[in-house]
Amino acid sequence: MVRPRLLMGGILAVSGIMALLAAAQMPTTSPKTPGKNPTSDIEMVEKLNSTRKQYQLNLEQLRQQYLNMGDIEKAKWAEDELKQYHRMMKYAYRLDIDVPVPTLQAKQNIPEANDLFREAMKYKDKGFGNEYLDNQRRAELLFQRLLDKYPESDKIGETAYQLGDIYEKYRPSVQYQRGALYFERSYQ
């Protein structure tokens, strides 16, 4: 039996996230100005991605602040909201923004990138049910961080392959096109 209070809290958290993301996407000017071409969705998708990163960062900072203050209950709230945020399906509306460019080159062995890769592999494909989903998201985040922070690492090919594998069996909705592009980047 689902507890109404728990269900309502989850619904409110998701609706709050959606409201935040919707507010971040609201255009400040009319998108259809006579005599001008309609604007591309690139700016809106980049803004959405930026808002997502900022939201995650704010939750992480809030959690740390509450831990530093000794307020364990509020730190747990922030941690729970962060966990729900990571479980939520986040679509890559523009694969050309999400997937790294094919011109990246693995040039050097970077110990920090190697550590991130090993850490991600500890989580990938481990567990069952929600634990599996959480571990896949952890691995995804670590692999994405590696690509963002260390684009010249000799681990970028293997990282792209692992991300392709994650997206190929992504839950709740498989992302074949996204996975295929990551597989392609791993080869390139």
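Let's start with helix α8, where the buried residues are Arg178, Gly179, Tyr182 and Arg185. Those four cover an arc of only 120° around the axis, which puts them on the same side of α8. Their packing partners are α4, at 95-98, then α6, and α7, at 156-168. Go round to the other side of α8 and you find Tyr176, Gln177 and Tyr187, which are exposed. Please keep in mind that this is a predicted model.

Some of you like to check helix geometry, so here is α8 again. The helix runs over residues 176-187, and at 1.5 Å a residue its twelve residues should span 16 Å; the end C-alpha atoms are 17 Å apart, which agrees.

One more residue from this helix: alanine 180 also sits in α8. Is it buried or exposed, or something in between? With 42% relative accessibility, alanine 180 counts as partly exposed, since the buried class stops under 20% and the exposed class begins over 50%. Alanine 180 lies twelve residues from glutamate 168 in sequence, and the two are 7.7 Å apart in space, C-alpha to C-alpha.

Now let me step back to the whole chain. We have eight helices and zero strands, and reading along the sequence gives the pattern α-α-α-α-α-α-α-α. There are 188 residues in the protein chain, and 31% of them count as buried. For the contact-map people: take contacts between residues at least 6 apart in sequence, and 65% of those join residues at least 24 apart.

On to α5, residues 111-123. What sits on its buried side? Ala113, Asn114, Leu116, Phe117 and Ala120 are the buried residues here. Looking down the axis of α5, they fall within an arc of 160°, so they line one face of the helix. The cover over these residues includes α6 and α7. Pro111 and Lys122, on the other side of α5, are exposed. The length check works here too: 13 residues at 1.5 Å each should span 18 Å, and the end C-alpha atoms of α5 are 19 Å apart, which agrees.

Just after α5 comes a backbone detail for the torsion fans. Aspartate 125 has a positive phi of about 60°, and it is not a glycine. As a reminder, most residues other than glycine have a negative phi. Aspartate 125 belongs to the loop between α5 and α6, and with a relative accessible area of 34% it is partly exposed.

That loop leads us into α6, home of asparagine 135. Asparagine 135 has 7% relative accessibility, so it counts as buried. Which residues does asparagine 135 contact, leaving aside neighbours within four places in sequence? The answer is Tyr123, Lys124, Lys126 and Gly127.

Last stop, the pairing of α3 with α6. Helix α3 covers residues 72-87 and α6 covers 129-149; their axes come within 10 Å and cross at roughly 80°. That makes α3 roughly perpendicular to α6. On the α3 side, the contact is made by Lys83, His86 and Arg87, while α6 brings Asn130, Leu133, Asp134, Arg137 and Leu141. How do the residues of this contact divide by character? There are two nonpolar, two polar and four charged.

That's my tour, friends. Thanks for listening, and I'm happy to go back to any of the helices with you.

How values were computed: Residues numbered from 1 in each chain as written. Predicted model: local features only at pLDDT ≥ 70, side-chain atom pairs only at ≥ 80, totals over all residues. Heavy atoms only, no water. Axes fitted to C-alpha atoms, helices over the stretch in contact; angles between N-to-C directions. Helix = DSSP H or I, 4+ residues; strand = E, 2+ residues; numbered from the N terminus. Parallel < 35°, antiparallel > 145°, perpendicular 65-115°, else oblique. Contact = heavy atoms within 4.5 Å. Nonpolar A, V, L, I, M, F, W, Y, C, P; charged D, E, K, R; others polar. Expected span 1.5 Å × (residues − 1). Buried < 20%, exposed > 50% of the residue type's maximum accessible area, 1.4 Å probe, protein only. Arc of directions from axis to C-beta.
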